[in-house]
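Reader: Hello! I am new to this structure, and I would love a close look at a single part of it. Could you take me through the second largest pocket?

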Amino acid sequence: MATVNKPTDPKQKEADINRKLQFYGILNAFRLGKVPSNDQIDVALNSFISSRALSNPSTRLSAEGRELVADFVDVVKHAKALLLSKNEGNLLQDFIWQTRQFDASTVTTPNSPLTKEEAKQHGDKALQGLRTLGTLLITNGQFRKLLSDASLLIRDMAGDAATNAATKVRPPEDKLKQIDMPADDNTWHEAPNLSKENIRSQMQSVYKKNPAADAKAAANTAVEGARQPDGTLNPPAGVQAGASAVSDKVDANISDKDREAAKNTAAEYRRQAREYLNKKVPQERRDQTVWRLKKMVLECQQHPDYQQAITTLLDLAEQYGKHGRTMASDGAGTAKQTRSAFAAAEADLKTLIERFANGTSSDDMWSSINTLYEDADKDPELRNWFKSMDTYVRKCLQQQGYIMDDDCNKEWNHLYDRGNYLLRQKYRTHTDRIIDEIKFLADQFDKDPQNKAFSISLQKLFTHLGNDENGKPKFKPHLVKDLTEVIIPATFENIAYIPIPRIEYSDKQMDAIVENLVLESDNFMPNVLEVASDNFFRWGRKKLASRHKNSMDVKVSGVQMDLRDVSYYVKKKSGFPSITDQGVVNLFLGGEGFCFRMKLSTADPKDRQHFFKVDKVDVDVKHLNIKLVKSKHKLLFNMFKPVLLRVLRPVVQKVAEKQLKDQFNEMDQTLYMIKQEADRALEEARADPKNAPNAYRRYLTATQNQMLQNKQKKLKAKEEAAKAAEKKVNVAMTSEESVFPNIHLPGGISSKASEYKELARKGEKWESPVFSIGSSSKSTDIPVAPAVTRKPHATNGSAHTAAANAATPITNGGYTNGATAKLTNGGMKNGNLAKPVTTTANAANPLST
């Protein structure tokens with residue numbers, strides 16, 4: 001008796017279908033803005049880690065394959081610890097919810113010249129304009145070529161860095177030649193003096209005095225500087241005095257020779273870096289890049305969609321700018337309302353960033369940025385420069401061809417000179433502080449221990465994936481074997497049961513519904529695939545022409561099905577007999593099941609095909625059995641079942657043969673169209689060989705375009721055919737999408753999917769019970785989120801800028817900037833004393849850095 005690879009297990013089938021439908025519910029929850037909580041993520045990841053494939057890898061895997069599985073588990077564990085620790089309190093979930101739920105149209109605007117409907121229309125126009133510009137940009141050849149060239153340059157510089165690192169590590173050639181030579185006979189060297197006194201004396205050769213005594217003196221200076229005449233303490237003044245004392249001590253106790261050597265070393269490094277960058281990106285290349293960027297903008301400007309999109313965005317920006325100015329006087333309440341709507345989201349995002357940055361507060365960075373805004377409010381020259389830059393950008397984007405004119409270059413040079421004076425001279429201290437604060441915060445990301453642990457685990461995984469024990473790239477065929485012979489087959493087996501949505505059909509003659517159709521992946525995959533190839537080649541001369549031909553013989557067998565409890569509904573609306581039936585049927589296709597054999601060969605010049613043609617297709621359907629479990633006409637069906645199967649089998653075979661042949665002929669036509677489009681692109685590229693895409697890029701682009709065209713043609717043809725025949729075909733996942741919502745079939749997948757979709761809607765705010773997946777327990781070793789504190793650090797200034805801005809000093813969070821304390825603005829902010837910053841470390845030791 002014919003059997004299938006995996007007979008249907010009703011209990012396992014029910015549980016597996018519920019799991020897959022829960023994923024459908026999770027997808028709908030994401031669409032509604034719902035997200036899983038930390039506890040739900042924890043349980044799901046723990047269940048994933050404890051699954052059989054990860055906790056007990058197959059013994060058929062190679063040793064390195066099992067090692068890679070362990071590395072992958074390590075990556076998941078570190079990612080889980082990183083996310084759950086930094087996201088303590090579900091901050092990320094709350095941020096996503098707050099930003100998705102905020103509706104600007106609900107904010108009441110005082111004396112607003114726009115209605116809420118007009119504001120919504122403007123928002124839609126702006127979104128469409130951004131989409132248009134984005135599409136033009138990513139499809140532009142100049143933009144893609146610039147990205148490609150930039151990646152090549154980065155790879156070249158990375159190769160130089162690796163070579164230079166290896167050169168520094170590698171010993172000199174003369175030393176390598178002597179590696180096997182013994183030392184001279186009876187040669188002795190003095191033992192190094194590693195005593196504490198010797199090390200201390202060497203350190204004091206650089207720092208001439210006693211560090212402990214100097215630190216104590218600086219602390220006393222800080223206390224005296226903080227003490228006020230009335231006996232109270234002023235911490236910012238004390239910090240400033242202490243830092244000044246430290247700076248004076250450092251300047252006095254480091255010799256001029258050491259200070260000069262350090263300056264020379266830093267200058268040499270800067271000179272080498274400039275020379276290297278000038279070598280890699282010379283002035284000619286920079287000018288060419290600017291010209292190519294201008295050419296990209298000009299090409300986009302020539303597109304009709306560009307002008308409409310950019311005009312819409314600029315008009316909306318100008319219009320809303322005018323509204324903002326006219327409403328500034330009476331808009332305080334609106335601003336507070338909008339601010340309160342975003343306050344929670346901003347606080348969540350700020351805390352998340354600071355936690356990932358090793359618990360470092362970002363207040364100093366925002367304070368430095370705000371300082372430049374205050375400068376623009378007070379200084380008409382800086383404010384007008386920002387306005388001129390805005391006008392220049394608009395002119396370049398909107399006025400076609402202006403970006404290529406000489407006037408554009410002259411105006412840019414003028415704006416650049418003014419900006420260089422304002423930002424690098426007049427307000428250099430402020431701009432330098434912004435850069436330093438950003439650098440400091442980025443450095444804290446690198447120093448975060450959890451970020452480091454996750455990065456190391458990820459690097460370890462990729463190193464074992466493509467490198468040998470010496471760290472050199474290596475192809476590992478045994479890993480490919482693990483993938484093809486173990487992982488992929490196991491994946492198909494574990495897919496198990498695949499629920500098919502409810503299929504509905506309606507026309508003038510009948511209505512039909514099929515539901516509860518479930519495919520089993522292990523049965524549906526062919527058991528046998530055979531490919532035989534025959535090559536013929538003839539080289540001829542004189543009257544005999546050369547000829548070559550290739551043919552293939554493809555055999556597939558063992559496609560099986562064991563479909564149980566398939567529900568159906570049939571209503572014949574016209575003709576004889578007019579019947580209505582609803583029931584349950586089992587479909588069985590065992591043994592060799594569905595088989596086919598197809599012979600292909602290269603197309604001849606006289607054929608309609610271009611690359612290959614289908615010579616013959618033979619389809620066979622064996623061991624097909626249909627059993628009615630429930631029906632109004634069960635007795636009638638059983639009487640005619642033998643006749644029905646004898647008639648049905650040849651029809652199925654002929655239809656399958658035609659479908660296979662048509663599909664392969666369509667594939668041949670598609671490949672030919674791709675080749676034509678790629679050849680056309682090559683001809684066009686010959687006019688501009690420098691920007692010509694490679695063969696891979698040409699064929700990839702042609703394939704994408706052809707696939708999109710085929711999809712649109714099929715969809716259009718299907719709609720026209722259905723409209724002509726008044727047919728309606730619907731695939732409904734839930735009863736809400738059904739054409740026949742009042743017809744309920746037993747064991748319906750659409751009913752279960754509707755339950756999970758409804759479950760996705762439950763829960764307050766961003767929460768939903770549909771995300772509760774897995775059976776493992778919660779983790780107990782998740783680190784506590786780091787406390788966010790403001791950390792002392794140094795920012796750079798200049799004597800010139802400090803002197804220029806001495807009248808309006810700017811604070812740096814209430815503490816001074818390290819060694820440059822005399823050049824910074826200490827505890828002052830716009831002429832007023834700033835609030836002191838108090839942390840545990842600073843309270844104990846005001847001079848700690």
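Author: Happy to! On a 1 Å grid over the protein atoms alone, a pocket is an open set of points with protein on both sides within 12 Å along at least five of seven lines, and its lining residues have an atom within 4 Å of a point. Grid points are joined across faces, edges and corners, and a volume is the space filled by probe spheres set on the points. By that reckoning, the second largest pocket holds about 1200 Å³ of space. Its lining is made of 36 residues, and those closest to the centre are Val585, Leu587, Ile626, Leu644 and Leu648.

Please keep in mind that this is a predicted model, where local features need pLDDT of at least 70 and side-chain atom pairs count only at pLDDT 80 or more, while totals for chains, interfaces and linings use all residues. Residues are numbered from 1 along each chain as its sequence is written, and side-chain values use heavy atoms, with hydrogens and water left out.

Which elements build the lining? At least two residues each come from β3 (510–515), β4 (517–520), β6 (547–572), β7 (580–602), β9 (624–630) and α23 (634–685). Here helices (H or I, at least four residues) and strands (E, at least two) are DSSP runs, numbered from the N terminus. The top contributor is β6, with eight residues.

By class, this lining has 30 nonpolar, four polar and two charged residues. For comparison, the largest pocket has a volume of about 1500 Å³, and its lining divides into 22 nonpolar, 10 polar and nine charged residues. Nonpolar covers Ala, Val, Leu, Ile, Met, Phe, Trp, Tyr, Cys and Pro; charged covers Asp, Glu, Lys and Arg; the others, Gly among them, are polar.

Note on methods. 1 Å grid on protein atoms, 1.4 Å probe; cavity = no way out; pocket = protein on both sides within 12 Å on 5 of 7 lines; lining within 4 Å.
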